[in-house]
Amino acid sequence: MCLLLGLAIVTQVRQTQDDEFAALREDDLVRLLDEVTQRNEELTTQAEQLARQRDSLLSGSGDPAVQEDYLDLLQILAGTVPVEGPGVVVTVDDAQDVDAQQMVHMLEEMRNAGAEAIAVSGQRLTASSAFLDTADGGLSVNGTSIEPPYEWRVVGNADTIAVALDIPGGAFAIMRNRGATVEVSERELVQITSVRETPDPEFAEPVEDD
């Protein structure tokens, strides 16, 4: 599934990025650059925090707070626990012509805008999730068929996510060009109750430090 998702993302990005940036105004480009810079700084800070937590765990300090924080992070990333927080709810209706590629595009823009947890039509999205076009013209995610209206529930910075999705040439514009209607609601509390089961890795294993 990871491979399929990765291929879908690469294909989608190659097909759309030129048109997207060519359609952007100067103000939108500046705003996009600011968002990317801010997101980069946030990721750098998170990487430093994770490195400190990793060092603490490897040193065997046994700090319960560090271990608890690390466990929470892993559970959220793996989608194994319900989550809640500020965010947005996006509804995509009249979406008969929306396919897996547009859904992957929407997902990537949400992640790029800093979304920390995402679900669509009751399916939790994680690194191993995949959208597929089905033989009957529909869509499936995580191996489960979904039908419009598609409801995206997203936990993250609501302002940043809403703006990122609605830039010219962005995810909303592509959906509307497909004849879909898109509504976004910024909320102080978004609850995501769906979870995923994580199978044990069959081939990958951690590499021990020298």
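This note goes through the sheet, the cores, one aromatic pair, one helix and one buried serine of a predicted model.

1. **Sheet order.** Five strands make an open sheet with antiparallel pairing, in the order 3-2-7-1-8. Strand 3 (123–125) and strand 8 (181–192) are the edges, and each of them pairs on one side only. On average, neighbouring strands of the sheet are turned by 20 degrees against each other, direction ignored.

2. **Strand 7 and its partners.** Strand 7 covers residues 150–155. Strand 1 runs antiparallel to strand 7, and 6 bridges join the two. On this side, V89 stands opposite R153 of strand 7. Strand 2 is also antiparallel to strand 7, with 4 bridges between them. Here I118 has V154 of strand 7 as its bridge partner.

3. **Helix 4 on the sheet.** Helix 4 lies across strand 1, strand 2, strand 3 and strand 7. With respect to strand 7, helix 4 runs at about 15 degrees.

4. **The largest core.** What does the largest nonpolar core contain, and which residues touch the most other members? The core has 32 residues, and V90, M103, M106, F131 and W152 touch the most other members. Several elements give two or more residues to this core, including strand 1 (83–93), strand 2 (117–120), strand 5 (139–141) and strand 7. Helix 4 (100–112), helix 5 and helix 6 (171–177) are also on that list. The most comes from helix 4, with 6 residues. The general background is familiar: in soluble globular proteins, nonpolar side chains tend to be buried together.

5. **Another core.** Apart from the largest core lies another one, of 7 residues. Among them are V83, V89, A117 and A119. V89 is also the residue that stands opposite R153 in strand 7.

6. **Aromatic pair.** The count of aromatic pairs comes to 1. F131 and W152 form this pair, which is tilted, with 6.0 Å centre to centre and 40 degrees between the planes. F131 sits in strand 4 (residues 131–133) and W152 in strand 7, so the pair ties together parts that are 21 residues apart in sequence. Both residues, F131 and W152, are buried. Both also appear among the residues that touch the most other members of the largest core.

7. **Helix 5.** Why can helix 5 (residues 158–165) be called largely enclosed by the rest of the structure? Because 6 of its 8 residues are buried. These are A158, T160, I161, A162, A164 and L165. At the start of helix 5, N157 reaches a side-chain oxygen to within 3.2 Å of the backbone nitrogen of D159. Helix 5 also gives two or more residues to the largest core.

8. **S129.** This serine lies in the loop between strand 3 and strand 4. Is S129 buried or exposed? Its relative accessible area is 2%, and buried means under 20%, so S129 counts as buried. The S129 side chain makes a polar contact with the side chain of N142, at 2.9 Å. Another polar contact joins the side chain of S129 to that of R196, at 3.3 Å. A check of this site should therefore take in S129 as buried, together with its contacts to N142 and R196.

Terms used
Residues numbered from 1 in each chain as written. Predicted model: local features only at pLDDT ≥ 70, side-chain atom pairs only at ≥ 80, totals over all residues. Heavy atoms only, no water. Buried < 20%, exposed > 50% of the residue type's maximum accessible area, 1.4 Å probe, protein only. Polar contact = N/O pair within 3.5 Å; in protein donor to acceptor, adjacent residues only side chain to side chain. Core = buried A, V, L, I, M, F, W, Y, C linked by side-chain atoms within 4.5 Å. Pairing = 2+ DSSP bridges. Phe/Tyr/Trp six-rings, centres within 6.5 Å; stacked < 30°, edge-to-face > 60°. Axes fitted to C-alpha atoms, helices over the stretch in contact; angles between N-to-C directions. Contact = heavy atoms within 4.5 Å.
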